[in-house]
Amino acid sequence: MKYLLLIYGNEEKWASIPEEILEKERAKQDAWNKRYHGTGELLGAYGLGGESEASLVRTKDGTPFTTDGPYLEAKEFVCSLYLLDVASAERAREIAGEMPWAADSGVEVWPVLHDAFGAGPDAED
């Protein structure tokens, strides 16, 4: 079963962390990434750009158009995502609880219910 882990943040928060602390935290996260990639449970880990780098695409009358940023109502936005392939929800939560940022930001754990290109609960054998 696949699970998506999400970490939220905001540009103000990241800018407020001293560089020496940020370097140490990144090293911890890199070690976590390597550990679970090595077990085969971490399929991908992605850090996202800030909200000033994001864009929103909509379609109106069949024509796509783009605007700057997602214009979030919340202060925080998804800043990192991780894709796991594990045996159970309990295992996904266990791995999420070992993530270095879990103490500071919390980690959302979402089951992936459909995989358009691979196995999942909807896949036919």
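Start with the sheet: four strands, where a strand is a DSSP run of E with at least two residues and a helix a DSSP run of H or I with at least four, both numbered from the N terminus, form an open sheet in the order 2-5-1-6 with antiparallel pairing. Two strands are taken to pair if DSSP finds at least two bridges between them. Select strand 2 (42–47) and strand 6 (108–111) to mark the edges, since each of these pairs on one side only. From one strand to the next the twist averages 20 degrees.

This is a predicted model, in which local features need pLDDT of at least 70 and side-chain atom pairs count only at pLDDT 80 or more, while totals for chains, interfaces and linings use all residues. Residues are numbered from 1 along each chain as its sequence is written, and side-chain values use heavy atoms, with hydrogens and water left out.

**The whole chain**

Zoom out before going further. The protein has 4 helices and 6 strands, and along the sequence they follow the pattern β-α-α-β-β-β-β-α-α-β. Its C-alpha atoms fill a box of roughly 50 × 45 × 20 Å, taken along the principal axes. Of contacts (heavy atoms within 4.5 Å) between residues at least 6 apart in sequence, 77% join residues at least 24 apart. Buried residues, defined as those under 20% relative accessible area with a 1.4 Å probe and protein chains only, as against exposed ones over 50% and partly exposed ones in between, make up 26% of the 125 residues.

**Strand 5 and its partners**

Next, select strand 1 (residues 2–9) together with strand 5 (residues 77–85), which run antiparallel and are joined by 8 bridges. Along this pairing, Tyr8 stands opposite Val78, and Leu4 stands opposite Leu83. Now add strand 2, which pairs with strand 5 in the antiparallel sense over 5 bridges; here the bridge partner of Gly44 in strand 5 is Leu83.

Stay on strand 5 and pick Ser80, which is found in this strand. Is Ser80 buried or exposed? Ser80 is buried, with a relative accessible area of 14%. Not counting residues up to four places away in sequence, Ser80 touches Leu5, Leu6, Ile7, Tyr46, Gly47 and Leu48.

**The helices on the sheet**

Show helix 2 (residues 19–38), which lies across strand 1, strand 2 and strand 5 and runs at about 155 degrees to strand 2. Such angles run from 0 to 180 degrees between N-to-C directions, with axes being lines fitted to C-alpha atoms, for helices over the stretch in contact.

Then show helix 3 (residues 89–97), which packs on the sheet, touches strand 1, strand 5 and strand 6, and makes about 30 degrees with the direction of strand 1. Which residues of helix 3 are buried? They are Ala92, Ile95 and Ala96. Look down the axis of helix 3: the buried residues fall within an arc of 100 degrees, so they line one face of the helix, the arc being that of the directions from the helix axis to the C-beta atoms. An α-helix has 3.6 residues a turn, so residues three or four places apart point the same way. Turn to the face of helix 3 directed away from its buried side, and there are the exposed residues Glu90 and Gly97. The cover over the buried residues of helix 3 includes strand 1, helix 2, strand 5, helix 4 (102–105) and strand 6.

Within helix 3, centre the view on Ala92, which counts as buried at 0% relative accessibility. Leaving aside neighbours within four places in sequence, Ala92 is in contact with Tyr3, Leu5, Leu84, Val86 and Val109. Although Ala92 and Tyr3 are 89 residues apart along the chain, their C-alpha atoms are separated by 6.7 Å.

**The nonpolar core**

Finish with the largest nonpolar core, a set of buried Ala, Val, Leu, Ile, Met, Phe, Trp, Tyr and Cys residues joined through side-chain atoms within 4.5 Å. This core has 19 residues, and those with the most contacts inside it are Leu5, Ile7, Trp32, Tyr82, Leu84 and Met99. Strand 1, helix 2, strand 5 and helix 3 are the elements that give two or more residues to this core, and strand 5 gives the most, with 4 residues. As a last selection, take Leu84, whose contacts beyond four places in sequence are Met1, Lys2, Tyr3, Leu5, Glu41, Leu42, Leu43, Ala92 and Ile95.
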